[in-house]
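Visitor: I would like a close look at one part of this model. Please take it slowly and show me how that part fits with the rest.

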Amino acid sequence: MGDPACWLDQLCPECSAMLEPPAEGATTVQCWRCKATVRFGDEGPEVLPDS
Ligand SMILES: [Zn+2]
């Protein structure tokens, strides 16, 4: 059994879509399904509010 956190950390908090990891040097990625901006931090992914 692998560590489930390794892929759970890549799920969109809003819609549970599997997200691509951010590009090198980037800290956020836009969800392809719900268009949320998700930041991958030490605590796992979190949705950033639209500004
Ligand atoms: Zn989403």
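Visitor: Let us start with one residue in the turn. Does Lys35 count as buried or exposed, and how many C-beta neighbours does Lys35 have inside 10 Å?

Guide: Lys35 counts as exposed, because it has 11 C-beta neighbours inside 10 Å. The cut-off for exposed is 12 or fewer. Keep in mind that this is a predicted model. Now place the residue. Lys35 sits in the loop between β1 and β2. Its backbone has a positive phi of about 70 degrees, although Lys35 is not a glycine.

That loop is the turn of a hairpin. Strands β1 and β2 form this hairpin, with six residues between them. The two strands pair in the antiparallel sense, over three bridges. Look for Gln30, which stands opposite Thr37 in β2.

Stay in the loop and find Arg33. Arg33 also belongs to the loop between β1 and β2. How exposed is Arg33? Arg33 is partly exposed, because 13 other C-beta atoms lie within 10 Å. Partly exposed is the class between exposed, at 12 or fewer, and buried, at 20 or more. Arg33 reaches back to an earlier part of the chain. Arg33 touches Cys12, Cys15 and Ala17, leaving aside residues up to four places away in sequence. Take Cys12 from that list. Arg33 and Cys12 are 21 residues apart along the chain, and their C-alpha atoms are separated by 9.0 Å.

Now follow Cys12. Leaving out residues up to four places away in sequence, Cys12 touches Ala17, Leu19, Cys31, Arg33, Cys34, Ala36 and Val38. Several of these names come back in the core. Which residues make up the largest nonpolar core? Five residues do: Cys12, Leu19, Cys31, Ala36 and Val38. Over the whole protein of 51 residues, 12% count as buried.

Step back to the sheet. What is the order of its strands? The sheet is open, has three strands and runs β1-β2-β3, with antiparallel pairing. At the edges are β1 (28-30) and β3 (44-48), and each pairs on one side only. From one strand to the next, the twist averages 30 degrees.

Cross from β2 to β3. A second turn lies here: a hairpin joins β2 to β3 through two residues. Strand β2 covers residues 37-41, and five bridges join β2 to β3. Two facing pairs help you find your way. Arg39 has Glu46 in β3 as its bridge partner. Gly41 stands opposite Gly44, again in β3.

Pause at Gly44. Gly44 is in strand β3. Gly44 is partly exposed, because 14 other C-beta atoms lie within 10 Å. Gly44 also comes within reach of a distant part of the sequence: Gly44 and Gln10 are 34 residues apart in sequence, yet 8.3 Å apart in space, C-alpha to C-alpha. How much do such long separations add across the protein? Among contacts with a separation of 6 or more, residues 24 or more positions apart account for 17%.

Return to the backbone of Lys35 and compare it with Ser16. Ser16 is not a glycine, but has a positive phi of about 65 degrees. Ser16 is placed in the loop between α1 and β1. Ser16 is exposed, because 12 other C-beta atoms lie within 10 Å.

Last, see the whole chain. The protein has one helix and three strands. From the N terminus on, these elements run α-β-β-β. How far can you trust each part? The average pLDDT is 85, and 82% of the residues score at least 70. Among the elements, β1 has the highest mean pLDDT, at 93, and helix α1 (residues 5-8) the lowest, at 65. Where pLDDT is low, predicted coordinates should not be read in detail.

Methods: Residues are numbered from 1 along each chain as its sequence is written. This is a predicted model: local features need pLDDT of at least 70, side-chain atom pairs count only at pLDDT 80 or more; totals for chains, interfaces and linings use all residues. Two strands pair if DSSP finds at least two bridges between them. Helices (H or I, at least four residues) and strands (E, at least two) are DSSP runs, numbered from the N terminus. Axes are lines fitted to C-alpha atoms, for helices over the stretch in contact, and angles run from 0 to 180 degrees between N-to-C directions. pLDDT is the predictor's confidence in each residue, from 0 to 100. A nonpolar core is a set of buried Ala, Val, Leu, Ile, Met, Phe, Trp, Tyr and Cys residues joined through C-beta atoms within 7 Å. Two residues are in contact if their C-beta atoms, placed from the backbone, lie within 7 Å.
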